[in-house]
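Here are a few exercises to work through with the model open beside you. Try each task before reading its solution.

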Amino acid sequence: MIVVAGGFLILFLVFFIIGIMGMMGTGTRTTWIGFGDRIAIVTIEGQILESESTVRQLREFAENGSVKGILLRINSPGGIVSPAQEIYDEVKRIREEYNKPVVVSMGSVAASGGYYIACSGDYVFANPGTLTGSIGVILQYPVLEELMGKIGVEHETIKSGDVKDVGSPFRQPTREDSVMLQAAINDIYSQFVDVVVKDRGLEHEEVIRIADGSIFTGNQALELGLVDALGSQEAAIEYLADLAGIEGDIKRIRPRVERQPSLWDLLGSLKQTYVETGLFSGPTLMYLYR
């Protein structure tokens with residue numbers, strides 16, 4: 001019993017220290033240099049936990065007159081629903097308001113929220129071995145009620161309604177909890193399906209048939225109409241340059257971070273992944289391939 005309690009205390013202290021370190025921030029900002037017509041490359045890497053940095057990069061490139069098109073390189077299993085939607089909306093806005101083409105290049109994985117964002121582009125490239133699809137929604141949270149009882153910890157909740165503490169790790173979910181969460185998941189799922197139907201030009205029934213969380217290779221995704229072509233990032237850049245009317249040598253520009261990521265940045269990232277969206281975050285709706 002003492003060992004279990006000690007382990008839980010150590011885990012809490014580790015998360016607390018990581019949280020304090022993460023709050024110190026990164027102190028970075030995005031800049032670019034160069035002149036002449038060029039292609040901007042924006043990368044979405046890893047789990048999508050926030051949208052601010054990516055939206056800022058997209059907006060800056062949209063407003064840069066020398067940038068004639070944007071390549072969105074996605075290597076992500078997805079993540080939290082709202083950030084994925086915000087990035088998607090920004091790409092659509094750039095295409096409509098700035099009339100700049102956005103081409104998507106998928107890396108090793110562009111699934112769930114990564115695929116949701118990919119649907120915003122003018123044209124989507126995947127490698128034959130890319131893992132994509134995973135159209136669906138997931139919500140998970142831990143239930144520690146039994147563990148807390150074993151170590152002699154009680155947790156008191158005062159609430160204004162029966163489901164106000166839905167997703168609490170300190171009690172078992174009730175039927176009312178499950179009904180409410182399932183309704184939210186169904187709504188978010190429908191939003192995903194509608195995006196694929198509209199942006200990929202597919203029939204609703206076709207999308208529903210494959211939107212059960214299944215993943216597909218690039219080859220399979222092409223056959224299903226989920227992507228437009230198979231090809232590398234370089235092939236996507238060449239296609240984008242042609243779409244943007246750039247002839248000859250293709251100049252590229254990327255966001256430039258003013259300093260290299262430090263240990264504090266890494267710990268802050270771990271804090272965001274395992275604390276803010278982990279053990280103590282409560283239920284979080286995710287477009288995520290696990």
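**Exercise 1: A strand and its neighbours**

In this predicted model, β3 and β5 pair in the parallel sense over six bridges. Work out which residue of β5 stands opposite isoleucine 74, how β5 and β6 pair, and how many of the ten residues of β5 are buried.

Solution.
- Step 1. Begin with the pairing to β3: the residue opposite isoleucine 74 is methionine 106 in β5.
- Step 2. Turn to the pairing with β6, where β5 again runs in the parallel sense, over three bridges. Here valine 103 stands opposite tyrosine 123 in β6.
- Step 3. Now check burial. Nine of the ten residues of β5 are buried, so the strand is largely enclosed by the rest of the structure.

**Exercise 2: One side of a helix**

Find which residues of helix α9 (residues 233-243) are buried, and describe where they lie around the axis.

Solution.
- Step 1. List the buried residues: Gln233, Ala236, Ile237, Leu240 and Ala241.
- Step 2. Look down the axis. These residues cover an arc of only 135°, which puts them on the same side of α9.
- Step 3. Recall the general rule: an α-helix has 3.6 residues a turn, so residues three or four places apart point the same way.
- Step 4. See what the buried residues pack against: β2 (38-45), β3 (67-76), β5 (102-111), β6 (123-126) and β10 (252-253).
- Step 5. Move past the helix: α9 is followed by glycine 245, whose phi is positive, near 75°.

**Exercise 3: Two serines to inspect**

Determine the phi of serine 112 and of serine 134, and say whether serine 112 is buried or exposed.

Solution.
- Step 1. Keep the background in mind: most residues other than glycine have a negative phi.
- Step 2. Serine 112 has a positive phi, near 50°, and sits in the loop between β5 and α4 (113-118). With a relative accessible area of 1%, serine 112 is buried.
- Step 3. For serine 134, phi is also positive, about 55°. Serine 134 belongs to the loop between β7 (131-133) and α5 (145-150), and is buried with a relative accessible area of 5%.

**Exercise 4: Two helices side by side**

Classify the packing of helix α2 (residues 52-63) against helix α3 (residues 81-97).

Solution.
- Step 1. The angle is about 5°, and the axes are 9 Å apart.
- Step 2. Angles under 35 degrees count as roughly parallel, so α2 is roughly parallel to α3.
- Step 3. Contact residues include Val55 and Leu58 of α2 and Ile87 and Val91 of α3. The contact divides into six nonpolar, one polar and four charged residues.

Terms used: Residues numbered from 1 in each chain as written. Predicted model: local features only at pLDDT ≥ 70, side-chain atom pairs only at ≥ 80, totals over all residues. Heavy atoms only, no water. Axes fitted to C-alpha atoms, helices over the stretch in contact; angles between N-to-C directions. Helix = DSSP H or I, 4+ residues; strand = E, 2+ residues; numbered from the N terminus. Parallel < 35°, antiparallel > 145°, perpendicular 65-115°, else oblique. Contact = heavy atoms within 4.5 Å. Nonpolar A, V, L, I, M, F, W, Y, C, P; charged D, E, K, R; others polar. Buried < 20%, exposed > 50% of the residue type's maximum accessible area, 1.4 Å probe, protein only. Arc of directions from axis to C-beta. Pairing = 2+ DSSP bridges.
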